[in-house]
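Here are my notes on this model, in numbered points. Have the structure open while you read.

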Amino acid sequence: PPGPGRLVRLPARGGRRETQGLLRAIAGTEIRPGRSDLGALVDALNRPPRRRGVAVVISDFLAPPQQWARPLRKLRVRHDVLAIEVVDPRELELPDVGVLPVVDPETGELHEVQTADPRLRRRYADAAAAQRAEIAAQLRGAGAAHLRLRTDTDWLLDMVRFVAAQRHARTRGTTR
């Protein structure tokens with residue numbers, strides 16, 4: 001079963017029914033907590049060598065870019081790469097809720113954070129924005145198309161807008 005550190009290959013097939021089946025398979029993939037080596041997973045997409053195609057990487061890309069940027073550039077040599085960055089808005093800013101218990105995902109250690117401090121909340125938001133900007137820059141540098149999906153918005157509408165913008169960019173605004 002899929003989980004951290006496990007690569008799931010889904011065959012590309014044309015047609016509406018196949019596309020809906022692919023989306024159902026992605027949506028139905030079991031999520032297991034824990035860290036994965038994103039770089040190793042992206043590297044695995046290059047093995048065994050396959051025909052040129054589209055490689056889609058769905059991640060929060062929160063692992064350090066030095067772990068995944070080079071494998072992504074390497075993947076881009078042979079394939080078109082679409083990086084779908086999933087963003088939870090709760091990771092972008094701290095709410096003012098007083099003392100907030102947080103768990104370090106690496107160590108499992110519990111920390112208490114005083115969120116009433118506006119300077120702390122501002123520093124957190126600035127750091128989160130800088131992290132997202134670095135992710136975008138690394139994806140751009142790898143030559144990947146970048147789609148950012150937020151968990152608090154309509155993903156389908158975001159995807160339709162992204163595809164329309166890609167098509168517009170590819171045709172430079174000309175009509176067929």
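A term needed further down: a polar contact is a pair of N or O atoms within 3.5 Å; within protein, one must be able to donate a hydrogen and the other to accept it, and residues adjacent in sequence count only if both atoms are side-chain atoms.

1. **Ground rules.** This is a predicted model, with local features needing pLDDT of at least 70 and side-chain atom pairs counting only at pLDDT 80 or more, while totals for chains, interfaces and linings use all residues. Numbering runs from 1 along each chain as its sequence is written, and side-chain values use heavy atoms, with hydrogens and water left out.

2. **Layout.** The chain has five helices and five strands, in the order α-α-β-α-β-β-β-α-β-α from the N terminus. Helices (H or I, at least four residues) and strands (E, at least two) are DSSP runs, numbered from the N terminus. Taking contact as heavy atoms within 4.5 Å, 69% of the contacts between residues at least 6 apart in sequence join residues at least 24 apart.

3. **Surface.** Of the 176 residues, 24% count as buried; buried means under 20% relative accessible area, exposed over 50%, and partly exposed in between (1.4 Å probe, protein chains only). The accessible surface comes to about 12400 Å², and 54% of that belongs to carbon and sulfur atoms. These areas come from the Shrake-Rupley method with a 1.4 Å probe, and for residues only the protein chains shown count as cover.

4. **Cores.** A nonpolar core here is a set of buried Ala, Val, Leu, Ile, Met, Phe, Trp, Tyr and Cys residues joined through side-chain atoms within 4.5 Å. The largest one has 17 residues, and Val57, Phe61, Trp68, Leu72, Leu75 and Leu139 touch the most other members. Two or more residues each come from H2, strand S1 (54–59), H3, S2 and H4, with the largest share, four residues, from H3. Leu75 is worth a click: leaving out residues up to four places away in sequence, Leu75 touches Val42, Leu45, Asn46, Ala55 and Val81. There is also a second, separate core of five residues, including Leu82, Ile84, Leu147 and Phe162.

5. **Helix H4.** Does the length of H4 add up, or how far apart should its ends be? The expected span of a helix is 1.5 Å times one less than its number of residues, so the 24 residues of H4 (118–141) should span 34 Å, and the end C-alpha atoms are indeed 34 Å apart. Ala128, Arg132, Ile135, Ala136 and Leu139 are the buried residues of H4, and their cover includes helix H3 (65–78), strand S2 (80–87) and strand S5 (145–150).

6. **The ends of H4.** Asp117 caps the N-terminal end, with a side-chain oxygen 2.9 Å from the backbone nitrogen of Arg119. Asp117 also forms a salt bridge with Arg119, the closest N and O atoms being 3.7 Å apart; a salt bridge is a side-chain nitrogen of Lys or Arg within 4 Å of a carboxyl oxygen of Asp or Glu. Asp117 is partly exposed at 25% relative accessibility, whereas Arg119 is exposed at 52%. Just after H4, Gly143 takes a positive phi of about 80°.

7. **Salt bridges.** The whole structure contains ten of them. In one, Lys74 pairs with Asp43, with the closest N and O atoms 3.9 Å apart. Lys74 lies in helix H3 and Asp43 in helix H2 (38–44), so this pair ties together parts 31 residues apart in sequence.

8. **Arg132.** Is Arg132, in helix H4, buried or exposed? At 6% relative accessibility, Arg132 is buried. Its partner Glu91 has closest N and O atoms 3.3 Å away, and this salt bridge links H4 to the loop between S2 and strand S3 (99–103), 41 residues apart. Glu91 itself is partly exposed at 31%. Glu85, Glu91, Arg132 and Arg148 are linked in a network of salt bridges. Beyond four places in sequence, the contacts of Arg132 include Asp60, Leu62, Val86, Val87 and Leu92.

9. **His146.** This residue sits in strand S5 and is partly exposed, at 24%. A polar contact of 2.7 Å joins the side chains of His146 and Glu85. His146 also touches Ala83, Ala136, Leu139 and Phe162, among residues over four places away. Ala136 is ten residues from His146 in sequence, and their C-alpha atoms are 7.4 Å apart.
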